Amino acid sequence: MLQFRNGGIDVTEVKADYFSILKREEKQRGFKVYNGGPSLDTLYVSFNLNKGINKAGKPFVDPIKSKWFNNVEFRQAIAHAIDRRKMLNNTYQGLGDLQHSMIGVQSPYYLSPKEGLKTYDYNLDKAKTLLLKAGFKYNSKNELIDAEGHRVRFTLITNAENKIREALGAQIKRDLSKIGIQIDFNPMAFNAVIEKLTNSKQWDLLLLGFRGGGVEPNSSFNIWAAEGALHQFNKGPNPGEPPIKGWEISDWERKISDLYIQGSQELNDPKRKAIYAEAQQLIQENLPFIYLITPISFEAVRDRIQNVKYSALGGSLWNLYELKIKEE
């Protein structure tokens with residue numbers, strides 16, 4: 001952003017925390033901030049549902065925590081306890097909307113809440129009711145404990161280089177404290193996050209996102225395939241590794257994986273829509289990812305670049321053959 005403001009580069013992505021600064025400087029510095037509508041990026045928190053053990057015989061996830069994380073009512077309670085509207089208004093300055101699906105709203109395969117997609121409003125009473133139904137209870141200090149008396153406490157990780165995610169993580173820590181859960185928030189280097197996801201598989205709760213995958217749902221097959229390399233919430237063995245002892249694929253995971261295969265093979269468009277609608281509903285019911293915010297897609301482009309037709313689908317340079325550079 002500093003390079004762009006000083007004239008060193010001609011195009012830059014505009015994130016919510018920079019928007020107001022750049023918008024004020026448009027005329028003064030000779031550029032325009034383009035609005036492409038809802039981004040295709042996804043932003044989420046995800047629990048580690050992996051029940052496997054490593055080569056040394058140690059579980060990837062503490063068995064006590066794993067029991068919590070693999071309880072769907074626990075995950076649904078967490079979804080109700082996160083104040084996403086506050087995230088949107090405070091961290092994103094209102095520049096976006098609440099996110100409910102892995103498929104972007106621009107896609108013809110997007111299932112909207114109006115069409116029946118399950119959503120999770122911010123409701124602490126609902127969250128507490130779900131926790132009590134799942135066998136949790138509160139002690140005299142109003143701390144959440146499980147049926148065996150263990151305090152519900154776990155670690156949230158994200159990449160420290162991303163200030164927006166750091167702000168969101170701090171809010172999630174505060175939000176979950178309101179239902180008696182203690183979060184240890186640990187931002188770390190991005191490479192360290194990837195190491196945990198792909199190799200050690202030892203993590204509790206993750207705040208991360210996927211960059212835009214286009215309007216075709218099958219572009220995210222590697223996430224939803226049960227054996228996919230990006231199947232982060234229940235990661236299987238890497239290529240060339242032996243089977244993981246104790247690794248289990250749940251029925252709903254396998255069903256989503258199968259639906260994505262069916263969708264890729266179906267040529268009848270209404271039938272494809274129905275297949276991906278079912279997949280979206282299954283994901284929202286089981287919450288392997290708790291989706292947070294869809295930001296608006298902004299890009300700043302210098303005025304000397306002409307014929308810009310900015311789109312969230314292709315950015316500012318998709319029509320390169322039409323662009324012209326005005327000599328200064």
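The lining of the second largest pocket divides into 18 nonpolar, 14 polar and four charged residues, and I should say at once that everything here comes from a predicted model. That pocket has a volume of about 480 Å³, and 36 residues line it, with Leu-40, Thr-42, Met-102, Ile-103 and Gly-104 lying nearest its centre. If we ask which elements give two or more residues to that lining, the answer is strand 4, covering 96-98, helix 10, covering 221-224, and strand 11.

Let me set the largest pocket beside it. About 900 Å³ of space lies in the largest pocket, and its lining is made of 44 residues, of which Glu-13, Lys-15, Ser-39, Asp-41 and Arg-211 lie nearest the centre. The elements that contribute two or more residues to this lining are strand 1, helix 2 (16-24), strand 3 (42-47), helix 8 (163-177), helix 9 (190-200), strand 9 (205-210) and strand 11. Strand 11 gives the most, with five residues. You will recall that strand 11 also gives two or more residues to the lining of the second largest pocket. By residue class, the lining of the largest pocket has 21 nonpolar, 13 polar and ten charged members.

As for enclosed space, the count comes to one cavity of 30 Å³ or more. The space in the largest cavity is about 60 Å³, and the residues lining it are Ala-79, Arg-84, Gln-99, His-100, Thr-119, Tyr-120, Gln-284, Leu-287, Ile-290 and Tyr-291. In terms of class, that lining holds five nonpolar residues, four polar and one charged.

I turn now to the packing of nonpolar residues. In soluble globular proteins, nonpolar side chains tend to be buried together. In this model the largest nonpolar core has 70 residues, and those that touch the most other members are Phe-74, Ile-78, Phe-154, Leu-176, Ile-181 and Trp-224. What does Phe-74 touch, once residues up to four places away in sequence are not counted? The list is Phe-47, Trp-68, Phe-69, Leu-131, Phe-136, Val-152, Phe-154 and Ile-181, and two of these, Phe-154 and Ile-181, were named a moment ago among the residues with the most contacts in the core. There is also a second, separate core of nine residues, which includes Phe-4, Val-14, Phe-19 and Val-33.

The charged pairs deserve some care. Searching the whole structure finds 18 salt bridges, and I will go through three of them, and then a network.

In the first pair I have chosen, the side chains of Asp-10 and Arg-304 meet at 3.0 Å, N to O. Asp-10 sits in the loop between helix 1 (2-5) and strand 1 (11-14), while Arg-304 sits in the loop between strand 11 (293-302) and strand 12 (305-306), so this salt bridge ties together parts that are 294 residues apart in sequence. Are the partners buried or exposed? Asp-10 is partly exposed, with a relative accessible area of 24%, and Arg-304 is likewise partly exposed, at 25%.

Another salt bridge joins Lys-67 and Glu-148, whose closest N and O atoms are 3.8 Å apart. Because Lys-67 lies in helix 4 (residues 63-69) and Glu-148 in the loop between strand 6 (144-145) and strand 7 (153-159), this pair ties together parts that are 81 residues apart in sequence. Lys-67 is exposed, with a relative accessible area of 55%, a value that falls in that class because exposed means over 50%.

The last of the three is formed by Arg-153 and Asp-184, at 2.9 Å from N to O. Here Arg-153 lies in strand 7 and Asp-184 in strand 8 (residues 182-188), so the pair ties together parts that are 31 residues apart in sequence. Arg-153 is partly exposed, with a relative accessible area of 40%, and Asp-184 is partly exposed as well, with 24%. As for the network, salt bridges link Arg-5, Glu-25 and Arg-29.

I will end with a single residue, Asp-258, whose place is in helix 11, residues 251-265. At 32% relative accessibility, Asp-258 counts as partly exposed. Where does Asp-258 lie with respect to Ala-225? The two are 33 residues apart in sequence and 7.8 Å apart in space, taken from C-alpha to C-alpha.

Notes. Residues are numbered from 1 along each chain as its sequence is written. This is a predicted model: local features need pLDDT of at least 70, side-chain atom pairs count only at pLDDT 80 or more; totals for chains, interfaces and linings use all residues. Side-chain values use heavy atoms; hydrogens and water are left out. A salt bridge is a side-chain nitrogen of Lys or Arg within 4 Å of a carboxyl oxygen of Asp or Glu. Helices (H or I, at least four residues) and strands (E, at least two) are DSSP runs, numbered from the N terminus. Buried means under 20% relative accessible area, exposed over 50%, partly exposed in between (1.4 Å probe, protein chains only). A nonpolar core is a set of buried Ala, Val, Leu, Ile, Met, Phe, Trp, Tyr and Cys residues joined through side-chain atoms within 4.5 Å. Contact means heavy atoms within 4.5 Å. On a 1 Å grid over the protein atoms alone, a cavity is a set of points where a 1.4 Å probe fits but cannot get out, and a pocket is an open set with protein on both sides within 12 Å along at least five of seven lines; lining residues have an atom within 4 Å of a point. Grid points are joined across faces, edges and corners, and a volume is the space filled by probe spheres set on the points. Ala, Val, Leu, Ile, Met, Phe, Trp, Tyr, Cys and Pro count as nonpolar, Asp, Glu, Lys and Arg as charged, and the others, Gly among them, as polar.
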